[in-house]
Amino acid sequence: MGIGYGKVILFGEHFVVYGLPAIAASTDRKTEVVISEFNGEGILCDYEGRWEGRNLLEEDEETEWFRKIVFLLLKELELEGKSFKIQIKNNIPVGAGMGSSAAISVALGRALDEFFELGLGEERVSELAFKAEEVFHGTPSGIDNTLATFGGLIWFEKGKEIEKIGVKEPINIVIARIERKGNTKELVGRVREKREKNLEEFRLLEEKARGIVGNAKKTLEDNNLDELGKLMDENQKLLREIGVSTEEMDELCEIALKEGALGAKLTGAGGGGCMIALTPEEELQGKVAKGLEEKSLEVIKTKIGV
Ligand code: MEV
């Protein structure tokens, strides 16, 4: 079986595309892919809760995005023309900023590696998922495929070795999901346009982002969670300034803070999607989760730094 981890970006989304650092963590959400023998012709695919018995040789609107990933990986791995069966299980919210597309590519890469005994190694699996992300997201920083492959709590800078961040103990967070307007490619494109139009102004925001992420690493390592929460709020302000938050997202952050969260911000590309709130004590986590229920499509209580 191949696994890919869902992630939350704690600090630095969007700015990470331009070479600035970011901090991200895997959660308990994941995608699992199992590949097995198929005696017929083609690639038979079941995706639990979505579709069953689809042959990926046949064009089909619903499976189109996944067919693209599969055929891209098969080409890269020189496995074109092989017949097999794929079974997918996923509990990462889809299209919500939690890295579900990277997770499925990583899980598929690992499952192909196992079934065809390719001996790919982690770096190659991550690189294959990056190629798939390029198809969907245009100019990804690489943070999603990296987290989906390696998991953990990491400091990420484009093109550099990842650095694991050590925390005293796992930290409770709440994730709340709302509807998303626009996909990652559009949102990243919109920010890029804004940056190009007014580079000088954007550079000032980049320097602020760099400061926030640097301080966040230290506060995580020092277990200074009050300060960490404040940095999340500051990061959310920056995301609002670059235009990727929405009124509904700001409202969600406000609710979380009113319920006692130490900090709250959107996570991922924005335009709606997911918000994360810092809620160290279990009781607080429950209270914040409950407060968010009414305005959310889904509320998840989870931990980072596990
Ligand atoms: C998407 O999960 C994170 C973005 O920063 C894009 C990227 O880093 O590729 C918005």
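**Cavity, pockets and ligand**

Modeller: Lining the largest cavity are Leu10, Phe11, Ile173, Leu228, Met232, Ile276, Leu278 and Ile304. Bear in mind that this is a predicted model.

Biologist: Why is the lining of the largest cavity described as nonpolar?

Modeller: Leu, Ile, Met and Phe are in the nonpolar class, so each residue just named falls there. The division is 8 nonpolar, no polar and no charged.

Biologist: And which elements supply at least two residues of that lining?

Modeller: Strand 1, helix 7 (225-241) and strand 10 (272-278) do.

Biologist: What makes this space a cavity rather than a pocket?

Modeller: A 1.4 Å probe fits in a cavity but cannot get out, whereas a pocket is open. With a threshold of 30 Å³ or more, the count comes to 1 cavity, and the largest has a volume of about 40 Å³.

Biologist: Let's turn to the ligand. How do you know which residues are around the ligand?

Modeller: A residue is near the ligand if one of its heavy atoms lies within 4 Å. The residues around the ligand are Lys7, Ile9, Glu13, His14, Val16, Val17, Pro140, Ser141, Ile143, Asp144, Val188 and Ala269. By class, this shell has 7 nonpolar, 2 polar and 3 charged residues. Strand 1 (2-11) and helix 4 (143-150) each supply at least two of the shell residues.

Biologist: What makes the pairing of Ser141 with the ligand a polar contact?

Modeller: An N or O atom in the Ser141 side chain is 2.6 Å from an oxygen atom of the ligand. The cut-off is 3.5 Å for a pair of N or O atoms, so the pair qualifies. Lys7 places a polar side-chain atom 3.1 Å from a ligand oxygen, and for Asp144 the value is 3.0 Å; both are within 3.5 Å, so they count too. The protein covers 96% of the 290 Å² of accessible area that the ligand has on its own.

Biologist: Which pocket does the ligand take up?

Modeller: The ligand's space is the largest pocket. To sit there, more than half of a molecule's atoms must lie within 2 Å of the pocket's grid points.

Biologist: What volume does the largest pocket have, and which residues lie closest to its centre?

Modeller: Its volume is about 650 Å³. Among its 36 lining residues, Ser101, Glu133, His137, Arg180 and Thr184 are the closest to the centre. Elements giving two or more residues to this lining include helix 1 (64-76), helix 2 (100-115), helix 3 (122-137) and helix 5 (184-197). The lining divides into 15 nonpolar, 15 polar and 6 charged residues.

Biologist: Which residues lie nearest the centre of the second largest pocket?

Modeller: They are Glu123, Ser126, Asn145, Thr146 and Lys160, out of 17 lining residues. Glu and Lys are charged, while Ser, Asn and Thr are polar, so both classes are found there. The whole lining has 4 nonpolar, 6 polar and 7 charged residues, around a volume of about 340 Å³. Helix 3 gives the largest share, 6 residues, and helix 4 also supplies at least two.

Methods: Residues numbered from 1 in each chain as written. Predicted model: local features only at pLDDT ≥ 70, side-chain atom pairs only at ≥ 80, totals over all residues. Heavy atoms only, no water. Polar contact = N/O pair within 3.5 Å; in protein donor to acceptor, adjacent residues only side chain to side chain. Areas by Shrake-Rupley, 256 points an atom, 1.4 Å probe, with all protein chains shown as cover. 1 Å grid on protein atoms, 1.4 Å probe; cavity = no way out; pocket = protein on both sides within 12 Å on 5 of 7 lines; lining within 4 Å. Helix = DSSP H or I, 4+ residues; strand = E, 2+ residues; numbered from the N terminus. Points joined across faces, edges and corners; volume = space filled by probe spheres on them.
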